[in-house]
Amino acid sequence: TRIHAGKIWLNGELVPQEEAKVSVLAHALHYGTSVFEGIRAYATDEGPAIFRLEEHVERLFHSAKILRLEIPYTPEQIASAIVETVRTNGWKSCYIRPLAWFGATSLGVNPLPNNPADVMIATWEWGAYLGEEAVRKGAKLVTSSWRRFPGDVMPGKAKAGGNYVNSALAKMDALAAGADEALLLDKEGYVAEGSGENLFFVKNGVIHAIEHSVNLPGITRDSVIEIAEDLGFTVKEAYRVTREILFTADEVFMTGTAAEVTPVSMIDHRPIGTGSAGEITMQLRKVYLEAVTGQRSEYRKWLTFVK
Ligand SMILES: Cc1[nH+]cc(COP(=O)(O)O)c(CN[C@@H](CCC(=O)O)C(=O)O)c1O
C-alpha cells in the first residue's frame, strides 16, 4: 500500500515525497535511534484542526531529550512547520508523522557526536486504525507472548523508533493468531498497553484508566479521562491490573491518536461484557469525535486551526 504523502517537510524545506530521501548509512536506520509523533488533523466547519498539537510537540522534544538527540528547531518552529505541511498539502483531515533521527554522520553503536538531528514531517490520510469492523463490533485482542519492556531496558515514555520492534513483533503475531491487536503484559504479568494504544476498562459504571510506568503517556488517554469526568463519570487510575480483571470487566476500550477510541469485544477468546462494543465506550467515542471536530466548545482549547 503506497502512502500518498504529497509534500514532505525535510530539514526546513517542503519537498515532493519522491525527493524526501535519507542515506542508507543513517544511524537511525541501523539502530532504531529515532523519535516520532502520531498526530491527527480533523475536518471542522472552520477548516482542518490539529488535535493537541502543543502536547504532541512537547512529547517529541521529551523523547529526543531521552535519546540525547538534538532537534535543531524550537518547539514553536516544529509546530508551525506541522501546520504549514497540513496547509500546503490541502488536507481536510490527515494523520501527521513528525520524525527526528540520528543521521549518517557516525559509525557504530554510539550515535554521538552525531547531532543535530535530521527532521521530517509527513502527512497522509489514515482511517480507522483497526478497521471499521473493529469500531462497530469491537476489536479482538490476544495476550502477546512478547512482553512490554521494563523501563530500565527501553525508554517506554519516549516515542522512540527502536521501541516499536517490540510493538511490531506483538502486532504481527496477534494478526497471525486471527486477532486485531495485541495486549502486552509486563514481566510480572500485569497489563501494560496495546502495541499502539492505551487501555481502559469499565466496571459497574466506573471507568478505569490503566496506568503503568512503562507505558507511553497517551494524549488521547488524557483527553478521554477529561471528557469522561466532564460527562460525570468516575474515572480511576488502575495499577497492577492482571488480564483476568479485563476478562470480567463490563467494557474494555483502547485509546490512541490513530485508534481514537476503539471498543474491545473479545480478549483471549473470552467475550467482554455482552460481547459487543460497550455503551459507555461508544458514548466516549462519540464525544471524543465531537471534540476533535470542533463541535464541543469546551474542547476547542485543544484545537489548532489550519487557516
Ligand atoms: C505504544 C503506544 N501506547 C500508547 C499510544 C497512544 O498514545 P497517544 O497517541 O498519545 O494517545 C501509542 C500511539 N501510537 C501511535 C502510532 C501508531 C502507529 O501504528 O504508528 C498513534 O496512535 O499515532 C503508542 O504507540
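## Threonine 257, two cores and some salt bridges

Let's start at threonine 257: setting aside neighbours within four places in sequence, this residue is in contact (heavy atoms within 4.5 Å) with Gly38, Ile39, Arg40, Tyr42, His56, Tyr95 and Thr220. Threonine 257 sits in the loop between strand S14 (251-256) and strand S15 (260-267); helices (H or I, at least four residues) and strands (E, at least two) are DSSP runs, numbered from the N terminus. With a relative accessible area of 16%, threonine 257 is buried, where buried means under 20% relative accessible area, exposed over 50% and partly exposed in between (1.4 Å probe, protein chains only).

A word on what you're looking at. This is a predicted model, in which local features need pLDDT of at least 70, side-chain atom pairs count only at pLDDT 80 or more, and totals for chains, interfaces and linings use all residues. Residues are numbered from 1 along each chain as its sequence is written, and side-chain values use heavy atoms, with hydrogens and water left out. The average pLDDT (the predictor's confidence in each residue, from 0 to 100) is 97 for the protein, and 100% of the residues score at least 70. The model's ipTM is 0.99 and its pTM 0.97.

Now for the inside. In soluble globular proteins, nonpolar side chains tend to be buried together. Here the largest nonpolar core (buried Ala, Val, Leu, Ile, Met, Phe, Trp, Tyr and Cys residues joined through side-chain atoms within 4.5 Å) has 30 residues, and Ile50, Ile78, Ile82 and Ile96 have the most contacts inside it. Two or more residues of this core come from each of strand S4 (39-44), helix H2 (53-66), helix H3 (75-89), strand S6 (94-101) and strand S7 (118-124). H3 gives the most, with 6 residues. Take isoleucine 96: leaving out neighbours within four places in sequence, its contacts include Ile50, Ile82, Val86 and Ile121. Another core lies apart from this one, with 25 residues, including Val202, Phe233, Val287 and Tyr299.

Some nonpolar side chains show up outside too. Val24, Leu25 and Leu29 make a nonpolar surface patch of about 330 Å². Leucine 29 belongs to helix H1 (residues 27-31) and counts as exposed, at 58% relative accessibility.

On to the charged pairs. A search of the whole structure turns up 19 salt bridges, each a side-chain nitrogen of Lys or Arg within 4 Å of a carboxyl oxygen of Asp or Glu. Here are some of them:

| Pair | N to O distance |
|---|---|
| Glutamate 260 and arginine 40 | 3.9 Å |
| Glutamate 133 and lysine 137 | 3.4 Å |
| Glutamate 237 and arginine 221 | 2.8 Å |

Glutamate 260 is in strand S15 and arginine 40 in strand S4, so their salt bridge ties together parts that are 220 residues apart in sequence. Both glutamate 260 and arginine 40 are buried. Arginine 40 is also one of the contacts of threonine 257.

Glutamate 133 and lysine 137 are 4 residues apart in helix H4 (residues 132-137), so about one helical turn separates them. Glutamate 133 is partly exposed at 44% relative accessibility, and lysine 137 is partly exposed with a relative accessible area of 48%.

Glutamate 237 lies in strand S13 (residues 235-238) and is partly exposed at 40%. Its partner arginine 221, in helix H6 (residues 219-230), is buried at 10%. Elsewhere, Lys286, Glu290, Arg296 and Glu298 are linked in a network of salt bridges.

Methods. Patches are made of residues with over 30% relative accessible area and no salt bridge: like charges are joined within 9 Å, nonpolar side chains (Val, Leu, Ile, Met, Phe, Trp, Tyr) within 5 Å. Accessible areas come from the Shrake-Rupley method with a 1.4 Å probe; for residues, only the protein chains shown count as cover.
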